[in-house]
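The exercises below are meant to be worked through with the sequence and the structure side by side. Try each task before reading the solution that follows it.

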Amino acid sequence: MSELIRFGVSMDKNLLDNFDHFIQEHGFHNRSEAIRDLIREKLALEKGVSTHMVIGTVTIVYNHHIRNLTERLTDIQHNYQKNILFSNHIHITHEYCMEVIVVVGEERKLREFTNKIGGQKGVMMALPSFLALELEGIDLKDLEMGDRHHH
Ligand code: NI
């Protein structure tokens, strides 16, 4: 984490009221936290598909009764094994499974992975949640799991 800097923000009262309502609804603890989150999201969107190193999760929900789906999902994950730190499988119901896959690597590659998973018939959800390490001032070399991922 880099140095923490305070700065003032001027805002129209109506906009601020709406923002405070948004903060309450989304369970943020304070305005700073909410502003940080929105800025990160906006920057990530603006960057588009980037070559930034990211860490995060891909949460998937799928129907394991769909023919060959489990095998296809396993194949895809094996093709990205260098990017996958671990995954958890939860049997939600008789038919539906959820997996939380913890990933690290180039954002572009992880988005490609997420899209491949999400594109399989029977996958209801493939939700990426990535933190861009560089934008946070974190060097991948400092991560404990970094050794596994030097190319
Ligand atoms: Ni299952």
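**Exercise 1.** In which segment is the place of Met11? Then decide whether Met11 is buried, partly exposed or exposed, and find the surface patch to which Met11 belongs.

*Solution.* Bear in mind throughout that this is a predicted model. Begin with the position: Met11 lies in the segment before α1 (13–25). Next, take the accessibility: Met11 has a relative accessibility of 34%, and because partly exposed covers the range between under 20% (buried) and over 50% (exposed), Met11 counts as partly exposed. Finally, turn to the surface, where Met11 joins Phe7, Val9 and Leu15 in making a nonpolar patch of about 400 Å².

**Exercise 2.** Identify the residues with the most contacts inside the largest nonpolar core, and state which element gives the most to this core.

*Solution.* The largest nonpolar core has 18 residues, and those with the most contacts inside it are Ile60, Tyr62, Leu73, Val103, Phe113 and Ile117. Two or more residues each come from β1 (53–63), α3 (69–79), β3 (96–106), α4 (107–118) and β4 (123–132), with β1 giving the most, namely four. Ile117 can then be followed in detail: leaving aside residues up to four places away in sequence, Ile117 touches Ile60, Leu73, Ile76, Gln77, Val123 and Ala126.

**Exercise 3.** Work out which atoms coordinate the nickel ion and how the donor residues are spaced in sequence.

*Solution.* The donors are NE2 of His89, ND1 of His91 and SG of Cys97, at 2.0 to 2.3 Å from the nickel ion. Their spacing in sequence reads H-x1-H-x5-C. As for accessibility, His89 is partly exposed at 36%, whereas His91 is exposed at 63%.

Terms used. Residues numbered from 1 in each chain as written. Predicted model: local features only at pLDDT ≥ 70, side-chain atom pairs only at ≥ 80, totals over all residues. Heavy atoms only, no water. Core = buried A, V, L, I, M, F, W, Y, C linked by side-chain atoms within 4.5 Å. Buried < 20%, exposed > 50% of the residue type's maximum accessible area, 1.4 Å probe, protein only. Contact = heavy atoms within 4.5 Å. Patch = residues over 30% accessible without salt bridge, like charges linked within 9 Å, V, L, I, M, F, W, Y side chains within 5 Å. Areas by Shrake-Rupley, 256 points an atom, 1.4 Å probe, with all protein chains shown as cover. Salt bridge = Lys/Arg side-chain N within 4 Å of Asp/Glu carboxyl O. Donors = N, O, S within 2.8 Å, 3.2 Å for Na, K, Ca; no water.
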